[in-house]
Each structure stands twice: as C-alpha cells, then as structure tokens.
Amino acid sequence: MTKPNGVHHLAITTADIKTQIAFFSDVLGTELVALYWMHGVKGAWHGFVKLNDHCSIAFVQTPDIPKIERQLGVTHSGNPGGPCAGGAMQHLAMNCTSDEELMALRDRIRSRGVNVFGPIDHGFCKSIYFAGPENLSLEISTSRAAIDARAWIDPEVVKLAGISELELARYKSPARYDGERGSVPQPPMDPAKPHMVYPGPRYEQMLATPDDEYTRQRSETTPPVKVA
C-alpha cells in the first residue's frame with residue numbers, strides 16, 4: 001500500500017540558525033549534514049541535522065523571522081502540554097531505541113547544563129522532556145513495541161471528537177491505494193480543501209504549470225560544495 005513510511009525532515013523556523021545547530025549538535029549529538037541557501041526562497045538559509053540517514057531536523061532562517069515575536073500560547077506552547085495555534089508544532093518528539101539509550105541521552109542533556117524531566121512511562125512509550133532554543137518544546141521517546149490500537153483508542157474520546165463508528169473503522173483501516181503511476185492530473189482549485197498560502201496570482205500560476213515544467217523550473221540538484 002502506498003503511504004508515507006516515516007518522517008524525512010521536520011522544518012523549524014529560527015531567528016538564529018547557529019544557536020539551533022550548536023544546541024542539537026552538542027546537547028543531542030545530531031550531526032550537521034547540510035547548510036545552504038534554501039532552494040526557491042530568496043534570502044533564506046536551510047540547515048539539516050541528522051537523526052538517521054533518512055530523517056532530519058531542518059532549520060529555516062530568513063531575514064523576516066527575527067522580526068516576528070514569539071508568543072507563548074499563540075506561536076509556541078512553552079511546554080509539552082501547553083496550547084498554541086492550530087497547525088503549529090506543539091512539541092517535537094524524537095525517538096531512541098531502548099530504555100538504556102533514553103537514560104544515556106538524559107545524561108548527555110544534563111551534562112550540558114540543560115534541565116530535563118522524566119522518564120515518564122506512558123504505557124506505549126517512555127519519554128523525557130526538556131526545552132531547546134527559541135522556546136522549543138522537546139521530547140525523546142522510546143517504545144518497546146508498536147502501539148496496539150485496541151488498547152489505546154479511547155471510546156469516550158472518540159465520541160467527544162464526533163467520530164462515528166463507521167468513521168473510526170475507516171480511520172483505523174484506510175482505503176488501500178497503490179497509485180496510478182503518476183498519471184492523476186492536478187485537480188481544480190477547491191477553496192474547501194487545504195491550500196498553501198501564496199499571493200493569489202502566483203498560486204494560480206503554480207496550479208496552471210504542468211508537473212514536468214514545475215519540476216524543471218524549481219529543481220536545484222547541485223550541492224554548494226563540489227566533492228571530488
């Protein structure tokens with residue numbers, strides 16, 4: 001079945017990319033693997049720190065970001081249980097493979113002078129909690145097994161969320177779809193569907209651009225440093 005199989009990268013905005021890279025490198029041991037002018041975004045820098053070969057935390061810095069005020073309860077949650085605007089990142093939870101690794105990471109974080117709480121045992125995972133630069137709310141978790149939906153889908157919360165039995169069955173077993181070899185055309189613009197936010201004329205032009213032409217126009221495959 002065709003579906004996403006993991007997180008490739010999670011992009012976080014920053015007003016100070018150096019501080020974020022230094023924190024994730026020193027405190028968490030994630031290697032810097034990319035730092036370059038962000039493709040297609042004038043004046044922006046893009047940095048990647050590696051979680052594994054196919055999963056990274058990415059940082060985006062533009063000249064406008066330092067001008068935007070961080071507001072707890074609006075732009076940032078401030079802690080893993082605090083509210084913030086819908087669609088914003090409430091907290092970032094990274095994975096490790098065992099209880100021993102979780103404790104080693106807690107030691108590493110504390111050895112850098114950063115306060116960290118836990119572990120808390122949530123039943124399907126154990127987690128530690130701490131903060132990063134620019135009011136990031138961070139977590140590291142480990143799970144011994146996959147989540148058992150039979151035990152962890154609460155009927156009371158299902159009902160409060162307005163989810164019917166038919167909908168729940170569909171959510172638990174999404175319809176199989178194996179793709180059509182890339183042949184499905186761009187659908188007409190439907191205001192009821194989610195959309196990225198661009199100036200109207202630009203977005204209309206993007207929607208009208210054939211897929212092959214969009215790929216040709218926007219792709220930038222040459223790295224900033226030539227490796228022998």
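Two strands count as paired here if DSSP finds at least two bridges between them. Everything below comes from a predicted model, and that rule is handy to keep in mind for the hairpin views.

**View 1. The whole chain, before we zoom in.** The chain's secondary structure adds up to 7 helices and 8 strands. Its C-alpha trace spans about 55 × 50 × 40 Å along the principal axes. Of the 228 residues in the chain, 25% are buried. Looking at contacts between residues at least 6 apart in sequence, 48% join residues at least 24 apart.

**View 2. Strand β6 meets β7.** Strand β6, residues 116-121, pairs with β7 in the antiparallel sense, and the pairing runs over 4 bridges. To find your bearings, start at Ile 120: its bridge partner in β7 is Ser 127. The two strands make a hairpin with 4 residues between them. In the turn, have a look at Gly 123, which has a positive phi of about 95°.

**View 3. On to the next hairpin, β7 with β8.** This pairing is antiparallel too, with 7 bridges between β7 and β8. Ser 127 turns up again here, and its bridge partner in β8 is Ser 141. The hairpin has 3 residues between its strands, and Glu 134 takes a positive phi near 60°. As for β7 itself, 5 of its 7 residues are buried, so the strand is largely enclosed by the rest of the structure. If you are tracing side chains here, remember that in a regular strand they alternate between the two faces of the sheet.

**View 4. Phe 130 and the company it keeps.** Leaving out residues up to four places away in sequence, Phe 130 touches a long list of others, including Phe 23, Leu 28, Met 94 and Ile 109. Val 114, Asn 115 and Val 116 are also among its contacts. So is a run from the β8 side of the sequence: Leu 136, Ser 137, Leu 138, Glu 139 and Ile 140.

**View 5. The largest nonpolar core.** This core has 23 residues, and Phe 24, Leu 28, Ile 109, Phe 130 and Ile 140 touch the most other members. The elements giving two or more residues to the core are α1 (17-26), β4 (55-61), β5 (92-95), α2 (99-111), β7 (126-132) and β8 (136-142). Helix α1 gives the most, with 4 residues.

**View 6. The largest pocket.** Its volume comes to about 900 Å³. The lining takes in 30 residues, and Ala 11, Ile 12, Thr 13, Thr 14 and Ile 65 lie nearest the centre. Strands β1 (9-13) and β8 each supply at least two residues of that lining, with β1 providing the largest share at 4 residues. By class, the lining splits into 15 nonpolar, 12 polar and 3 charged residues.

**View 7. The second largest pocket.** This one holds about 560 Å³ of space. Its lining has 23 residues, of which Leu 51, Cys 55, Met 94, Asn 95 and Cys 96 lie nearest the centre. Two or more lining residues come from each of β3 (45-52), β4, β5, α2 and β8. Strand β5 gives the most, with 4 residues. Sorted by class, you get 13 nonpolar, 7 polar and 3 charged residues.

Notes
Residues numbered from 1 in each chain as written. Predicted model: local features only at pLDDT ≥ 70, side-chain atom pairs only at ≥ 80, totals over all residues. Heavy atoms only, no water. Core = buried A, V, L, I, M, F, W, Y, C linked by side-chain atoms within 4.5 Å. Buried < 20%, exposed > 50% of the residue type's maximum accessible area, 1.4 Å probe, protein only. Contact = heavy atoms within 4.5 Å. 1 Å grid on protein atoms, 1.4 Å probe; cavity = no way out; pocket = protein on both sides within 12 Å on 5 of 7 lines; lining within 4 Å. Points joined across faces, edges and corners; volume = space filled by probe spheres on them. Nonpolar A, V, L, I, M, F, W, Y, C, P; charged D, E, K, R; others polar.
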